[in-house]
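Student: Got a minute to walk through this fold with me? Let me pull it up.
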Amino acid sequence: MNIRKADFNDIEKLTELRIAQLNDEGERETEDSRICRKAARRDFSCLSQSDNSHSIKKALKDYFCDALKNGSAEMFVGEINGQIVTTAAVCYYVLPPSFKNPDGKTAYGTNIYTLPAFRGNGYAKEVVGYMLERVKEKGYKSVRLHATKMGRGLYEKLGFTDDPDFMIKEI
């Protein structure tokens, strides 16, 4: 499998896979979620109207594009014969410093997904391992993530441990 950092040419596929992940996790778009997105944009003029121009697909494309431009997140893809079959992403942000995290730098793993036909082959483990190396290169000391039931075993094998709110791996 070829693992690489995603680029602008991957936005369509990243969006498609994120939607597949949300669906696999049982999350569906509802009128309430459309209203929340409108409120986040502070666009209160049409809260009760359907607005396909701001669908989750558009919101995800905007997110990936912005993250690639400003470096607030990095997305990684695993390819087999040129087909993206697995993804992982990491968001970078700074929290107020604490005793455990004196510089406040925080990495959050997300968007870890493998197409169903390719599961069970270790591809997610490879792409998450690649993500962890990148986080370490950037000087972050740990990675947090939320784990689904399906992903928990993988993260434990990679050294993540339970924290009150997250699974966390010190690197």
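Student: Which strands does helix H5 lie across?
Tutor: Helix H5 (residues 149-157) lies across S4, strand S5 (142-145), S6 and strand S7 (167-170). Its direction runs at about 20° to S7. Axes here are lines fitted to C-alpha atoms, for helices over the stretch in contact, with angles from 0 to 180 degrees between N-to-C directions. Helices (H or I, at least four residues) and strands (E, at least two) are DSSP runs, numbered from the N terminus.

Student: Is this predicted or experimental, and what got filtered?
Tutor: This is a predicted model, where local features need pLDDT of at least 70, side-chain atom pairs count only at pLDDT 80 or more, and totals for chains, interfaces and linings use all residues. Residues are numbered from 1 along each chain as its sequence is written, and side-chain values use heavy atoms, leaving out hydrogens and water.

Student: OK, rings now. How many aromatic pairs are there?
Tutor: Five. Rings of Phe, Tyr and Trp (its six-membered ring) pair with centres within 6.5 Å; planes under 30 degrees apart are stacked, over 60 edge-to-face, the rest tilted. One of the pairs is Phe76 with Tyr130, edge-to-face at 5.5 Å centre to centre and 70° between the planes.

Student: Where do those two sit?
Tutor: Phe76 is in strand S2 and Tyr130 in helix H4 (residues 123-137), 54 residues apart.

Student: Buried or exposed, Phe76?
Tutor: Phe76 is buried at 1% relative accessible area, while Tyr130 is partly exposed at 35%. Buried means under 20%, exposed over 50%, partly exposed in between (1.4 Å probe, protein chains only).

Definitions and conventions. Contact means heavy atoms within 4.5 Å.
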